[in-house]
Amino acid sequence: MEFSQDRPNNNVSLNRFESMLKTNNVLFFDSEEFENIIHHYLNQGKVALAKKAIKLGLEQHPSSTNLKLFKVEVYVFENKLKEANQLLDALYVLEPSNEEVYIQKANILSKEDNHEDAIKVLKIALNFSEEVSEIHALIGMEYLLLDDFEKAKQSFMSCLEEQPEDYSSLYNIIYCFDFLNENEEAITFLNKYLNSNPYCEVAWHQLGKQYFSVKDYKKALSAFDFAIISDDRFIGAYLEKGKVLEKLKRYKEAIENYLLTLELDDPTSFALLRMGCCYEKLGKLDLAKQYYYKTVKEDPLLDKGWIAITKFYLKQHNYQKALYYINKAINIDAENVIYWKLYAQINQRLNFLEEAERGYKKAIELGNYELNTWLSRTDILIQIGELDAASLNLIQATEFYPENAEIEFRLTGIYYKVLETEKGSYHLKNAMTFNKEFLFIVEELFPEVYHSITFQKALKKVQ
């Protein structure tokens, strides 16, 4: 139920109602005044005051269907679904063609996760509604809850046909296209929509993002330009245009667009970060560093800002500072595999082997099963003399890389090192079968094993 909150008499009604509550004097309001008062309180999230207004409203207008529907809405909000259903059943008997009865019934069914029945009820409501766009939007949301993105898309399209400026439905349509990986279809749809709505900055913006997704950067750039022509204060369009210009290696122009966003509104950490990246690409390292630090000052919890600084110092071979800043990023997002791997690599450069091993171990625990992660951790464990842990790590790695010579030669060296020559010979045979060119691994990691008489004899047997 939609009611105007802007008309002066609504404010007068609200002031009179609040004055009445303070003085306990009962004043008369017509039913429409009560509806606007209740609507105001519900929009403000002031449910207790809305309930008072509903109670007083029904005392003065006991037959008002709209006030009873507000009561249903509050019941639903408070999860009193049984009471809500009972009141709705009574209202249905009185007004079987009232669309709001069906909308509230669908709302209850949706809360009970009965989305298919909610859709059926909403489709009945379409028969009684003069403005069907809202109901199509509600049906679309129910289909989204069922993960039926194709039908959701069609419902939001029906909504947009009725209300071409309903940007919420437009966003939902694009969301469905994106989920279905239908970039080309989205582009076709948006171009058709823009034929009828050529100055819709939202549609141009979304079209630009679709072109960006399919890597058609020139068309993306044109779309963002049209979005800016339609609304020259559209910050999102300037940001997206900057991203496209970066892809085209037009870093100076990208910076200009990011700077415009700073002039139009308060600085965003995203714009500051991108400017830092652009300056770094241009070789202006002092400016790059300056904007990276501005990024984390603007948003200290932006882990990408700390990572940018980390990588900046890593390129400068300033590993101590890189280590300091990677720790900042990990403190914000301790579940990020990439950060732990970077942490491990930096510690390895600093020869902090125990910490490096911890980083690789954490990366594996978080699901980074790349071969070089397993091997890097193994080599560190070998360096620090943890041969049992190294062999266990390699055996786990064989589950992902069952016929890998690099793993097998390392196991060979470990087992010969601990004098388990039978196991060592088994893995040596495997390794030579898989790829004998990696034999140098034994020589590099286990020189004393490689040059031993026992190993050389075993090697001759498998060559």
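How much space lies in the largest pocket?

## The largest pocket

About 450 Å³ of space lies in the largest pocket. The model is predicted. The lining counts 21 residues. Glu73, Ile103, Gln104, Asn107 and Leu138 are the closest to the pocket centre.

Four elements each give two or more residues to this lining: α2 (31-44), α4 (65-77), α6 (99-111) and α8 (133-145). The largest share comes from α6, which gives seven residues. Sorted by class, the lining holds ten nonpolar, five polar and six charged residues.

## The second largest pocket

Next comes the second largest pocket, with a volume of about 320 Å³. It is lined by 13 residues. Among them, Arg274, Cys277, Ile307, Ala308 and Lys311 lie nearest the centre.

Two elements give two or more residues here: α16 (269-281) and α18 (303-315). The most comes from α18, with six residues. What classes make up this lining? Seven residues are nonpolar and six are charged, while no polar residue appears.

## The two linings in brief

For the largest pocket, look to α6 and its seven lining residues. For the second largest pocket, look to α18 and its six. Polar residues number five in the lining of the largest pocket. The lining of the second largest pocket has no polar residues. Charged residues number six in the lining of the largest pocket, and six in that of the second largest pocket.

Technical notes:
Residues numbered from 1 in each chain as written. Predicted model: local features only at pLDDT ≥ 70, side-chain atom pairs only at ≥ 80, totals over all residues. Heavy atoms only, no water. 1 Å grid on protein atoms, 1.4 Å probe; cavity = no way out; pocket = protein on both sides within 12 Å on 5 of 7 lines; lining within 4 Å. Points joined across faces, edges and corners; volume = space filled by probe spheres on them. Nonpolar A, V, L, I, M, F, W, Y, C, P; charged D, E, K, R; others polar.
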